[in-house]
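Welcome, and please open your viewer before reading on. We will go from stop to stop, selecting a few residues each time and looking at what is there.

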Amino acid sequence: MENNVKQISKPIVEWYQKEDKNLLWKQDKEPYHIWISEIMLQQTRIEAVKKYYERFIKELPTVYDLAKIDDEKLLKLWEGLGYYSRARNLKKAANIIVSEYNGIVPKQYEELIKLPGIGEYTAGAIASISNNEKVPAVDGNVLRVMSRIIGSKENILHPETKKKITKIVQKILPEEAGDFNEGIMEIGEKICLPNGRPLCDKCPIKDFCVANKKNMIEEIPVRIKDTKRKIQNKTVFVLYTIDGKIAICKRKDKGILAGLYELPNVEEFVEEGDVRECLKKWDIRLEKVIAKGQKKHVFTHIVWQMKYYEIVVSEANESFIWASKKELDKGYVLPTAFAKFL
Ligand code: SF4
């Protein structure tokens, strides 16, 4: 390992210890809080997570509360964050923690990694932040900062690159492992930016950065996606009665958005002239059909390309649940993929 890399630990820890820790989950080292915040942050920006985190902890202040919450209520609390399997895994893990760990969230990496929904990164973050255990927590921010520090042009989306960088971080972890891990992640968020030019003048480790010295910032990190997302065509029907009740139904218990609610839809593009025929299977009596165009929703491996129609129906029938906007907001989890049509 090059000398420059060995020297970054101290300035990172010193920089982080002086930083303003205004985020709620950074104000204590409580593993339950770190766990919830880390899971929320996996796919969501810090700014957006704040309000969800506060509401979640207020409703479910302990692991016991999380373990016994009703599934529908849990998904409602998670609504808007997406990737609902994260919420389900939180509850599964909470039940294991209650039954096998006396309700105390473990602080050791080896125990954490056994729990549902907790991978290497999250286990590393919880163990190092709550317990100073010397384990790395390598997320996208850390991959970007480290590849710039070492001047690596290897694809950071490749598992082998992640393995290499994790090994390097493991070797340079100081006693203050939690502050180091949080510090390097925060440098990635605030200074060594993913989009736009990094703020190298403000960077506490600029003296050790190969990309900065060799003017390679534009070229690093290298991110090449090797999987193409599959495109799936759909037609979504926004069916509503004259008094404003909207038709929804429950999705299957397996697969994408399992067990959540959806707007009626079919897995193909339906032309305007065929809408009436298509809706026959639900025994719907139409008043008016308005073609609205298309929207798309991007999941990790799939893109839904969705045509949609707004349709006024003459009466609510038993094929669907008919809910007012207020009832929808209060009682049903309609994922963003469908909520975007309302
Ligand atoms: S010096 Fe610039 S490129 Fe290097 S780690 Fe710091 S912010 Fe990133």
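In which sense, left-handed or right-handed, does helix H3 pass H4 in their crossing? Keep in mind as you look that this is a predicted model.

**Stop 1: two crossing helices**

Select residues 31-41 for helix H3 and residues 46-59 for helix H4. H3 passes H4 in a right-handed crossing. The contact is built from His33, Ile36, Ser37, Met40 and Leu41 on the H3 side, and from Ile46, Val49, Tyr52, Tyr53, Phe56 and Ile57 on the H4 side. Color these residues by character and you should find nine nonpolar, two polar and no charged.

Now turn the view to follow the two axes. They come within 10 Å and cross at roughly 140°. An angle over 145 degrees would count as roughly antiparallel, and H3 and H4 are therefore oblique to each other.

**Stop 2: around the ligand**

Next, select the ligand and show its neighbors. How many residues surround the ligand? There are 14, and the closest are Cys192, Pro198, Cys200, Cys203 and Cys209. By character, the shell around the ligand divides into 11 nonpolar residues, one polar and two charged.

Then add helix H10 (140-150) and helix H13 (210-213) to the selection, as each supplies at least two residues of this shell. H10 gives the most, with three residues.

**Stop 3: strand S1 and its partners**

Move on to strand S1, residues 230-241, and show strand S6, residues 302-313, with it. S1 and S6 pair in the parallel sense over 12 bridges. To find your place along this pairing, pick Asn233, whose bridge partner in S6 is Gln305.

S1 also pairs with strand S4 (residues 265-266), in the antiparallel sense and over two bridges. Here, select Thr235 and look for Val266, which stands opposite in S4.

While you have strands on screen, try showing their side chains: in a regular strand these alternate between the two faces of the sheet.

**Stop 4: strand S2 and its partners**

Finally, select strand S2, residues 246-250, along with strand S7, residues 321-323. Which way do S2 and S7 run, parallel or antiparallel? They run antiparallel and are joined by three bridges. Ala247 is a handy residue to click on, with Trp322 of S7 standing opposite.

Add strand S3, residues 261-262, which runs antiparallel to S2 and is joined to S2 by two bridges. For this pairing, select Lys250 and find Tyr261 opposite in S3.

Conventions: Residues are numbered from 1 along each chain as its sequence is written. This is a predicted model: local features need pLDDT of at least 70, side-chain atom pairs count only at pLDDT 80 or more; totals for chains, interfaces and linings use all residues. Axes are lines fitted to C-alpha atoms, for helices over the stretch in contact, and angles run from 0 to 180 degrees between N-to-C directions. Helices (H or I, at least four residues) and strands (E, at least two) are DSSP runs, numbered from the N terminus. Angles under 35 degrees count as roughly parallel, over 145 as roughly antiparallel, 65 to 115 as roughly perpendicular and the rest as oblique. A crossing is left-handed if the near helix is turned anticlockwise from the far one by less than a right angle, and right-handed if clockwise. Two residues are in contact if their C-beta atoms, placed from the backbone, lie within 7 Å. Ala, Val, Leu, Ile, Met, Phe, Trp, Tyr, Cys and Pro count as nonpolar, Asp, Glu, Lys and Arg as charged, and the others, Gly among them, as polar. A residue is near a molecule or strand if its C-beta atom, placed from the backbone, lies within 6 Å of it. Two strands pair if DSSP finds at least two bridges between them.
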